[in-house]
Amino acid sequence: RTFEAGAPVFQQGSIPQGFYVLTKGTAHLEYTENHSDHPDLQLADNLKKVCDFAEIGPGSIIGETALDQGRTERSVTFRCTKPSEVFFIPKRHFFRALAGSPALQTRLFQVARLQQAKRIHGLIQHLNPKSL
């Protein structure tokens, strides 16, 4: 699939449909603070804080955590910052491939953990612990 700059691949709160690999271009992950899971208490759009916390490039994998942990909603938005190409693997194919290859499963989650550590580091830097 191809995406223009500024286009979301998926949005925070959407239902996880599969696993993604950014093959060309760049993107970032963003988290929007709602301050409440209760619809009546959510902030107006103009008061919500959006945190861009991870710049990602070709070879990055996205979406594996939501599938692996059985989440019902995406916790972040994956948005392209330049025209990009993204390889999509539907959820059922993702699980079938992992079940058929323990080595693939092990390697995929090793790579995912390394990438997540970098993303978390970016989020911590963005939050600037000095101001906490």
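Colleague: Let's start with F10 and Y20 in this predicted model: are they buried or exposed?

Modeller: For Y20, the relative accessible area comes out at 5%. Anything under 20% counts as buried, so Y20 qualifies. F10 falls in that class too, which makes the call for both residues: buried.

Colleague: And how do the rings of F10 and Y20 sit, stacked, tilted or edge-to-face?

Modeller: Their centres are 5.3 Å apart, with 45° between the planes. Stacked needs planes under 30 degrees apart and edge-to-face needs over 60. An angle of 45° meets neither cut-off, so the F10 and Y20 pair is tilted.

Colleague: Which strands does that pair link?

Modeller: F10 and Y20 are 10 residues apart, and the pair links distant parts of the chain. F10 belongs to residues 8-10 and Y20 to residues 18-24. Those are strands β2 and β3.

Colleague: Y20 also pairs with F88; how many residues apart in sequence are the parts tied together there?

Modeller: That pair is tilted as well, at 5.0 Å centre to centre and 45° between the planes. Y20 sits in strand β3, while F88 is in strand β8, residues 84-90. So the pair ties together parts of the chain whose separation in sequence is 68 residues.

Colleague: Which residue has its charged end over the ring of F88?

Modeller: F88 is part of one aromatic cluster with F10, Y20 and F78. Over on F10, R74 lies across the ring face, 4.2 Å from the centre. For F88, the charged end is 4.4 Å from the ring centre, and it belongs to R1.

Notes:
Residues are numbered from 1 along each chain as its sequence is written. This is a predicted model: local features need pLDDT of at least 70, side-chain atom pairs count only at pLDDT 80 or more; totals for chains, interfaces and linings use all residues. Side-chain values use heavy atoms; hydrogens and water are left out. Rings of Phe, Tyr and Trp (its six-membered ring) pair if their centres lie within 6.5 Å; planes under 30 degrees apart count as stacked, over 60 as edge-to-face and the rest as tilted. Helices (H or I, at least four residues) and strands (E, at least two) are DSSP runs, numbered from the N terminus. Buried means under 20% relative accessible area, exposed over 50%, partly exposed in between (1.4 Å probe, protein chains only). A charge sits over a ring if NZ of Lys or CZ of Arg is within 6 Å of the ring centre and within 35 degrees of the ring normal.
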